[in-house]
Amino acid sequence: VTLSLNRLTAVLSKINQNAHDCPEQLYDICSEMVRSIVVNYTKTLYRAINNMRGSLTNPTLRLMTEIVTLQNGKHIDEFISHFDFSLPSLPKLLIPSKAELADVELTKTKNQHLTLRYNFIKFYAALISHSPAILRKDILIDNSKLMSNWFKYISKIDSDDVINEAIDLLTNCIVKEPSFKKSTKCKIVNEYILLNLHKLYYNGNAKIASKVNAFLILYSTDPVYGVAFENHKSWTADVDESSRQNNGAQITVHNKSFKLLNKILYTMLTQFKPWEDDTQCTTVIKILKHIPEFVSPYSHYLMAAHGSHEPKMTSYWFGQTLLLSKMIKLPIPQSVFELDFDSLPSMTVVLDNIMPLPITKAVLKKCLSNEVKLVQQMGCQLTVFILQKLANILDLYTLQGWNKEKPALLNSVFGKLPELSDFTSLLNETYTNNSDNKLLILTITKILNLYS
């Protein structure tokens with residue numbers, strides 16, 4: 001049986017590879033043969049699949065791959081009509097055996113083509129890529145268990161080539177499919193898929209990490225293909241609850257409730273570790289810039305997950321400082337400039353955009369009093385960014401006619417900053433003992449100028 005399957009697969013494979021040179025009569029013969037298999041022998045295919053042994057199941061999967069790719073997917077409609085994708089053994093094909101997991105490198109480099117998982121992925125990827133969009137949508141949504149099992153083990157057992165092909169498939173056949181709505185893309189590439197894709201940042205291959213990163217940026221921020229829904233009221237969350245009560249999913253972060261239109265992307269955002277490398281940090285900032293409704297809850301998330309930004313001579317602290325600096329420097333969303341005179345922004349949201357929650361008065365004072373000059377510099381630099389962002393938002397308030405709200409905003413921000421005397425004391429101490437530290441002196445002078 002295996003020999004016959006292999007011979008039939010080889011014939012179809014040669015025809016697929018030499019499509020332009022094959023006579024039409026040969027195509028007709030193959031088409032009749034494929035129709036006969038699909039219509040009359042699907043139970044035979046089921047038995048071979050249910051066998052769950054490489055010697056019989058793999059040749060069957062290879063034959064199915066050639067069937068769905070013949071003449072660029074000519075027989076896919078017939079195949080889908082007759083094949084039962086709810087077959088319980090199908091998801092099991094994607095689960096690596098204990099022996100495969102025991103020696104992952106051997107599986108990836110030498111034995112991959114012998115695994116049930118590899119051969120089923122080849123079939124399923126061929127089916128998806130050759131299906132018309134409307135059929136592709138139904139296949140993917142109705143068989144979400146297959147996608148879940150596929151990506152559950154992608155970072156554990158798949159070779160770089162298989163991973164690359166999987167990301168290309170998600171990109172070209174789902175995210176860039178023009179007929180798919182954002183909601184459809186979110187159903188297919190869901191939170192679970194995104195969680196397992198993020199694990200590929202740590203698979204040891206920089207090219208794979210870069211490709212995953214590019215995909216996640218496309219998925220979350222691309223103006224044409226991305227899935228983000230624009231929230232025009234992201235800065236009025238606490239003020240305009242009456243018009244927002246039916247919009248978005250509610251989440252609670254650090255004992256505060258938020259309503260988000262893009263919960264799946266927020267969950268993805270919290271998987272990043274932007275303090276570990278510049279790639280993840282840059283991606284987080286791109287997402288926050290594109291989806292301003294995330295800035296406030298993400299600020300609360302950082303506080304809940306890591307606490308206040310206490311100065312420490314660790315790579316984490318310096319990485320987190322870079323992230324917080326970039327968060328403060330995010331531009332004011334264009335939608336805020338389009339608010340009506342009566343649509344005042346939420347004070348909580350504004351403050352979170354000026355001064356992320358992990359940065360507190362106590363944290364900044366500890367930075368100023370730290371013995372390490374670099375920590376002092378970082379604390380002063382954060383203060384400069386905070387005051388510059390405050391100045392930009394005060395200009396916004398002037399432009400929008402919200403002058404009455406300025407005193408409350410100023411009091412709130414300066415109440416969270418060290419006193420002016422803390423900076424003058426540090427400036428005097430630096431002049432006396434470290435007069436060659438021109439950068440710190442310049443930064444403190446900038447702070448004094450901004451305070452005025």
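## A look around the helices, the core and two loops

Phe 151 is buried, with a relative accessible area of 0%. The residue belongs to helix 11, and what surrounds it is a good way into this model, which is a predicted one. Setting aside residues up to four places away in sequence, Phe 151 touches Ala 166, Leu 170, Ile 193, Asn 196 and Leu 197. For a sense of scale, take Lys 406: its C-alpha sits 50 Å from that of Phe 151, with the two positions 255 residues apart in sequence.

Before going further, a word on confidence. The protein chain has a mean pLDDT of 91, and 92% of its residues reach 70 or more. Residues 239-245 are another matter: pLDDT stays under 50 there. The model does give that stretch eleven contacts beyond four places in sequence, but where pLDDT is low, the predicted coordinates should not be read in detail.

**Two helix pairs**

Two packed helices are described by the angle between their axes and the distance between the axes. Here are two pairs in those terms.

| Helix pair | Angle | Axis distance |
|---|---|---|
| Helix 11 (residues 144-152) and helix 13 (residues 160-175) | about 145 degrees | 12 Å |
| Helix 23 (residues 347-354) and helix 25 | about 140 degrees | 9 Å |

Start with helix 11 and helix 13, which pack at an angle of about 145 degrees. Helix 11 brings Met 147, Trp 150 and Phe 151 to the contact, while helix 13 brings Ala 166, Leu 169, Leu 170 and Ile 174. What classes of residue make up this contact? The residues divide into seven nonpolar, no polar and no charged.

Now helix 23 and helix 25, whose axes are 9 Å apart at an angle of about 140 degrees. That angle makes helix 23 oblique to helix 25. From helix 23 the contact takes Val 350, Asn 353 and Ile 354, and from helix 25 it takes Ile 386, Lys 389, Leu 390, Ile 393 and Tyr 397. By class, that comes to six nonpolar, one polar and one charged residues.

**The core**

Which residues have the most contacts inside the largest nonpolar core? They are Tyr 124 and Tyr 219, in a core of 128 residues. Helix 25 (residues 373-400) supplies the largest share of this core, eleven residues. Tyr 124, leaving aside its neighbours within four places in sequence, is in contact with Phe 85, Ile 139, Leu 140, Asn 143, Leu 146, Met 147 and Trp 150. Two of those names, Met 147 and Trp 150, have already come up on the helix 11 side of its contact with helix 13.

Tyr 219 turns up again around Val 175, a helix 13 residue. Val 175 is buried, with a relative accessible area of 0%. Beyond four places in sequence, Val 175 touches Leu 170, Lys 185, Phe 215, Leu 218, Tyr 219 and Tyr 225. Val 175 and Leu 218 are 43 residues apart along the chain, with 8.1 Å separating their C-alpha atoms.

**A buried glutamine and a partly exposed lysine**

Gln 320 is found in helix 21 (residues 315-328). Is this glutamine buried or exposed? Gln 320 counts as buried, because its relative accessible area is 1%. Outside its neighbours within four places in sequence, its contacts are Trp 275, Leu 302, His 306 and His 309.

Lys 108, in helix 8 (residues 104-111), is partly exposed, with a relative accessible area of 23%. Lys 108 touches Lys 156, Ile 157, Asp 158 and Ser 159, not counting residues up to four places away in sequence. As for Val 162, its C-alpha is 9.5 Å from that of Lys 108, though the two residues are 54 apart in sequence.

**Two loop residues with positive phi**

Where does Met 52 sit? Its place is the loop between helix 3 (42-50) and helix 4 (54-69). Met 52 is not a glycine, yet its phi is positive, about 55 degrees. This methionine is partly exposed, with a relative accessible area of 30%.

Asn 255, also not a glycine, has a positive phi of about 65 degrees. Asn 255 lies in the loop between strand 1 (249-253) and strand 2 (256-260). With 79% relative accessibility, Asn 255 counts as exposed.

Terms used
Residues are numbered from 1 along each chain as its sequence is written. This is a predicted model: local features need pLDDT of at least 70, side-chain atom pairs count only at pLDDT 80 or more; totals for chains, interfaces and linings use all residues. Side-chain values use heavy atoms; hydrogens and water are left out. A nonpolar core is a set of buried Ala, Val, Leu, Ile, Met, Phe, Trp, Tyr and Cys residues joined through side-chain atoms within 4.5 Å. Buried means under 20% relative accessible area, exposed over 50%, partly exposed in between (1.4 Å probe, protein chains only). Helices (H or I, at least four residues) and strands (E, at least two) are DSSP runs, numbered from the N terminus. Contact means heavy atoms within 4.5 Å. pLDDT is the predictor's confidence in each residue, from 0 to 100. Axes are lines fitted to C-alpha atoms, for helices over the stretch in contact, and angles run from 0 to 180 degrees between N-to-C directions. Angles under 35 degrees count as roughly parallel, over 145 as roughly antiparallel, 65 to 115 as roughly perpendicular and the rest as oblique. Ala, Val, Leu, Ile, Met, Phe, Trp, Tyr, Cys and Pro count as nonpolar, Asp, Glu, Lys and Arg as charged, and the others, Gly among them, as polar.
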